[in-house]
Amino acid sequence: MALAIRDVREHDLDAVLALNNAAGRSILALDAAQLRYFYERAEYFRVAEIDGQLAGFLMALRDGGNYDSPNYRWFSEHYESFVYIDRIVIGNAFRRHGLGRILYCDVTSYAEVRVPLLTCEVFLEPRDDVVVLFHGTYGFQEVGQQRMTESGPQVSLLARDLPSYAYVRETWLEHGGLPDEPWLAERQLPVPAATLSSPSQPRRLAGERRS
């Protein structure tokens, strides 16, 4: 079995959308426009590929964005710096292979050299004890609860401290940024179609904070 974890590519989007919308009630459905938003803006958007077949994906965003999600907004109101896991999906045929833990390890490696906190939420309605247990064993702790909308599901808001960040900040981020290594580089975001005619903005360096 050949496993690859890589940044999403545009030709993956149809397969990602199908995988997302077949995941069941624990994952909110997306349409093509919503998925395009993540493709153009998510700092972390990687897929797991097994023997050339898309098996799963994880999408996460940095703080400071304008993502219109009640859970992302909650974390923005309570924490200055974080990476927010919006969703992780593993295809039915590829479950019980440890892909969830592999993707969580990968996003943790991305986050711990940039921010002090990794965040996400889990649904309490419907409650999935396996998902709750998974996050607990991975070091997440509940920091709040909220109802996503007036009639929406109740969620548990989770955060995991990233102790390595303090060392990285003091050693590199406060002295010019992370080393120029491919595995530390930021994902190269595509230029949104709506801004193709606008002046381009300079890319942030890996680990560089927004102004």
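Where does aspartate 51 lie? Aspartate 51 is found in the loop between strand 2 and strand 3. Strands here are DSSP runs of E with at least two residues, helices are runs of H or I with at least four, and both are numbered from the N terminus.

Before going further, I should state the basis of this talk. This is a predicted model, in which local features need pLDDT of at least 70 and side-chain atom pairs count only at pLDDT 80 or more, while totals for chains, interfaces and linings use all residues. Residues are numbered from 1 along each chain as its sequence is written, and side-chain values use heavy atoms, with hydrogens and water left out.

Let me begin with the sheet. Seven strands form an open, mixed sheet, in the order 1-2-3-4-5-7-6. Two strands are said to pair if DSSP finds at least two bridges between them. At the edges stand strand 1 (3-7) and strand 6 (141-147), each of which pairs on one side only. From one strand to the next, the twist averages 25°.

Helix 4, residues 99-111, packs on this sheet and touches strand 1, strand 2, strand 3, strand 4, strand 5 and strand 7. Contact here means heavy atoms within 4.5 Å. The direction of helix 4 makes about 160° with that of strand 4; axes are lines fitted to C-alpha atoms, for helices over the stretch in contact, and angles run from 0 to 180 degrees between N-to-C directions.

Now to strand 4 itself. How many of the eight residues of strand 4 are buried? Seven of them are, so strand 4 is largely enclosed by the rest of the structure. Buried means under 20% relative accessible area, exposed means over 50%, and partly exposed lies in between, with a 1.4 Å probe and protein chains only.

Strand 4 pairs with strand 3 in the antiparallel sense over seven bridges, and methionine 59 stands opposite arginine 87 of strand 4. With strand 5, strand 4 runs parallel, joined by two bridges; valine 83 has leucine 118 in strand 5 as its bridge partner. Between these two strands the chain passes through helix 4, in a right-handed β-α-β crossover. Right-handed means that, with the strands pointing away from the viewer, the path from the first strand over the helix to the second runs clockwise.

Strand 5 also pairs with strand 7 (residues 154-161), in the antiparallel sense and over seven bridges. There, valine 122 stands opposite serine 156.

I turn next to arginine 6, in strand 1. Arginine 6 counts as buried because its relative accessibility is 12%. Its side chain makes polar contacts with two acidic side chains: aspartate 12 at 2.8 Å and glutamate 49 at 2.9 Å. A polar contact is a pair of N or O atoms within 3.5 Å; within protein, one must be able to donate a hydrogen and the other to accept it, and residues adjacent in sequence count only if both atoms are side-chain atoms.

Finally, some features of the loops. Aspartate 51 has a positive phi of about 50° although it is not a glycine, and it counts as exposed because its relative accessible area is 55%. Arginine 96, in the loop between strand 4 and helix 4, also has a positive phi, near 70°. At 87% relative accessibility, arginine 96 is exposed. The peptide bond from glutamate 125 to proline 126 is cis, with omega near -5°, and proline 126 lies in the loop between strand 5 and helix 5.
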